[in-house]
Amino acid sequence: MLSQRLKYSRKTKGLTQSELANKIKTTKSTVSNYENGYSTPSNEMLISLANALDVSVDYLLGRTDSNAIEPEENEYDTTEEINKLMDKYGIEDAAFFDLEKWKAMGPEQIRELESYFQYLLRKSKELEDKKKE
């Protein structure tokens with residue numbers, strides 16, 4: 001399976017064995033041996049091959065029929081999401097973290113803020129509990 005998918009992926013990318021070998025810093029004969037099933041790449045080499053061919057290691061190994069590289073399930077950029085929210089609600093970085101604006105808050109605003117912090121902590125704990133299950 002590996003040998004067939006490796007050869008197919010290389011040809012799909014329009015690469016010769018020599019070109020692929022140069023990309024992964026090995027020899028043409030090594031690539032030929034992988035494609036003919038005479039030898040098997042190490043884990044590190046398998047990763048290099050997948051990267052050079054823009055396919056997943058799972059595809060090369062026959063664990064999936066999709067040669068597309070799927071994003072990690074847990075790939076989530078918290079900072080990016082917070083920045084999107086700050087843009088959406090017009091919160092400027094400097095203004096949001098301006099201590100003088102926080103000091104100007106009245107007692108009712110402080111209570112609302114505390115209530116919101118409690119909500120965030122509760123939600124965070126619920127998420128942690130779900131992860132442990």
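Modeller: Before we start on the helices, contact here means heavy atoms within 4.5 Å. This is a predicted model, where local features need pLDDT of at least 70 and side-chain atom pairs count only at pLDDT 80 or more, while totals for chains, interfaces and linings use all residues. Residues are numbered from 1 along each chain as its sequence is written, and side-chain values use heavy atoms, with hydrogens and water left out.

Biologist: Fine. What covers the buried residues of H1?

Modeller: The cover includes H2, H3, H4 and H5. The buried residues of H1 are Leu-2, Ser-3, Arg-5, Leu-6, Ser-9 and Arg-10, where buried means under 20% relative accessible area, exposed over 50% and partly exposed in between (1.4 Å probe, protein chains only). Just after H1, Gly-14 has a positive phi of about 75°.

Biologist: And which residues of H3 are buried?

Modeller: Thr-30, Val-31, Ser-32, Tyr-34 and Glu-35. Their cover includes H1, H2 and H4. Here too a glycine follows: Gly-37, just after H3, takes a positive phi of about 75°.

Biologist: How many helices and strands does the chain have?

Modeller: Nine helices and zero strands, so counted from DSSP runs, with at least four residues of H or I for a helix and at least two of E for a strand, numbered from the N terminus. Buried residues make up 22% of the chain's 133 residues. Of the contacts between residues at least 6 apart in sequence, 43% join residues at least 24 apart.

Biologist: What makes a set of residues the largest nonpolar core, and which have the most contacts inside it?

Modeller: A nonpolar core needs buried Ala, Val, Leu, Ile, Met, Phe, Trp, Tyr or Cys residues joined through side-chain atoms within 4.5 Å. The largest such set has 17 residues, and those with the most contacts inside it include Leu-6, Leu-20, Ile-24 and Leu-49. Helices H1 (2-12), H2 (17-23), H3 (28-35), H4 (43-53) and H5 (57-61) each give two or more residues. H4 provides the largest share, six residues.

Biologist: Which residues is Leu-49 in contact with, leaving aside its neighbours within four places in sequence?

Modeller: Leu-6, Leu-20, Ile-24, Tyr-34, Pro-41 and Leu-60.

Biologist: Over to H9. Why are Tyr-116 and Tyr-119 called a stacked pair?

Modeller: Rings of Phe, Tyr and Trp (its six-membered ring) pair if their centres lie within 6.5 Å; planes under 30 degrees apart count as stacked, over 60 as edge-to-face and the rest as tilted. Tyr-116 and Tyr-119 come in at 6.2 Å centre to centre with 25° between the planes, which fits stacked. The structure holds one aromatic pair. The two tyrosines are separated by about one helical turn because they sit three residues apart in helix H9.

Biologist: Why does Phe-117 count as partly exposed?

Modeller: Its relative accessibility is 42%, so Phe-117 lands in the partly exposed class. Tyr-116, at 46%, is partly exposed, and Tyr-119, at 37%, is partly exposed as well.

Biologist: Which residues form the nonpolar patch on the surface?

Modeller: Trp-102, Tyr-116, Phe-117, Tyr-119 and Leu-120, with about 480 Å² of accessible area together. To qualify, nonpolar side chains (Val, Leu, Ile, Met, Phe, Trp, Tyr) are joined within 5 Å, in residues with over 30% relative accessible area and no salt bridge (like charges would be joined within 9 Å). A salt bridge is a side-chain nitrogen of Lys or Arg within 4 Å of a carboxyl oxygen of Asp or Glu. Helix H9 (residues 107-132) gives the most to the patch, four residues.

Technical notes. Accessible areas come from the Shrake-Rupley method with a 1.4 Å probe; for residues, only the protein chains shown count as cover.
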